[in-house]
Amino acid sequence: MIIAYMAQQWGSAMNTLAIVLEEPGTVSHRTLALNPMADNDILVEIAWSGISTGTEKLLWSGKMPAFPGMGYPLVPGYESVGRVVDAGRESRGRIGEWVFVPGANCYVGARGLFGGAASHVIVPAARALAVPEALGADAVLMALAATAFHAIADGPAPDLIVGHGILGRLMARILRARGEAAPVIWETDPARRAGDFDYTVVDPAADDRRDYGAIVEASGAAGVVDTLIPRLARGGEIVLAGFYDRINFAFPPAFMREARLRIAAEFTPDDLHAVRSLIGAGVLRLDGLVSHVRSATEAAHAYPMAFAGGDCLKMVLDWRHA
């Protein structure tokens, strides 16, 4: 029925239901007009979208550092999955595909930052990655899996990961999928230490090791670097895999260890394809990580719940009946 409705709108203004951050702390669910579809664009009917506890938490709290494209009102989200229901004349062959969409910038009256949290999005066909429909809502994790892959792909395999949130768990799964040794993961929240894993999850206060060769900071806590430097072996590396406003650390301990600091930027299309290959080979699983699902119409309640920590590991919005 929705597909038929959208088809009727072809050639005129098309609308979508979208999550809009009107200002920090204020989430609405309203109708926005979509920009016209170009020849190489596709129209995707979104089934599920994820809420990021990194960048979206900063947008929701108003703590996101200023950068090009930043401003309110905005449509957040870069973790969406759904079906291609229409396309420009150069992309008609993709109609019917189940795809992952890493955000969109297709709205009239709101910024698309990152733009994936809507019932329908228009994106260039090249931005949509075909994924198995059988993944269901777990497919929203493709962006986080690609982020995790990107952070550990170009350096030594980490023997310590800081944070047993969803990013840290995906890093551990990817390391195991690649045949690497099981890492140690630090986690201060007892609720996130509970469970049966094929790696060690400990309270950092219970770990006295000081010779880690590679540490990945995946918690997003900017003040943790001073804690990590004394745990490095000489010449060891710290990878910052979160998103931070400002990083400060004491220089003398880093100097004594000749520490290296690396920043992992956003994932690339190659990272998405690499993750899809690991999933297709059956060595990387995404199941068991989505902890909460709410209707997209409940976004005003879902957003603060997603950022509360504890047992809310990953919040997903369901658009199928929105």
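Let me start with the place where helix 3 and helix 4 meet, and please keep in mind that what we are looking at is a predicted model. From helix 3, the residues that take part are L144, A145, T147, A148, F149, A151 and I152, and from helix 4 they meet I166, L167, L170, M171, I174 and L175. If we sort the residues of this contact by class, we find twelve nonpolar, one polar and no charged. As for the geometry, helix 4 covers residues 166-177, and the two helices pack at an angle of about 65°, with 9 Å between their axes. The crossing of helix 3 past helix 4 is right-handed.

Two of the helix 3 residues I have just named, A151 and I152, bring us to the next topic, since A151 and I152 are also among the residues that line the largest cavity. How many cavities of 30 Å³ or more does a search of the whole structure find? The search finds one, and the volume of the largest cavity is about 30 Å³. Besides A151 and I152, its lining includes P156, P158, A214, I215, V216, E237, V239 and R262. Which strand gives the largest share of that lining? Strand 14 does, with three residues, while helix 3 (142-153), strand 14 (212-217) and strand 15 (232-240) each supply at least two. By class, the lining has eight nonpolar residues, two charged ones and no polar ones.

I would now like to turn to two single residues, H292 and A306. H292 sits in strand 17, which runs over residues 292-295. Is H292 buried or exposed? Its relative accessible area is 14%, and because buried means under 20%, H292 counts as buried. Setting aside its neighbours within four places in sequence, we see H292 in contact with M305, D311, C312, K314, M315 and V316.

A306, for its part, belongs to helix 9, residues 299-306. With a relative accessible area of 3%, A306 is buried as well. When residues up to four places away in sequence are not counted, A306 touches I51, T53, C312 and M315, and you may notice that C312 and M315 also appear among the contacts of H292. Finally, A306 and R127 are 179 residues apart along the chain, and their C-alpha atoms are separated by 26 Å.

Key
Residues numbered from 1 in each chain as written. Predicted model: local features only at pLDDT ≥ 70, side-chain atom pairs only at ≥ 80, totals over all residues. Heavy atoms only, no water. 1 Å grid on protein atoms, 1.4 Å probe; cavity = no way out; pocket = protein on both sides within 12 Å on 5 of 7 lines; lining within 4 Å. Points joined across faces, edges and corners; volume = space filled by probe spheres on them. Helix = DSSP H or I, 4+ residues; strand = E, 2+ residues; numbered from the N terminus. Nonpolar A, V, L, I, M, F, W, Y, C, P; charged D, E, K, R; others polar. Axes fitted to C-alpha atoms, helices over the stretch in contact; angles between N-to-C directions. Left-handed = near helix turned anticlockwise from the far one by under 90°. Contact = heavy atoms within 4.5 Å. Buried < 20%, exposed > 50% of the residue type's maximum accessible area, 1.4 Å probe, protein only.
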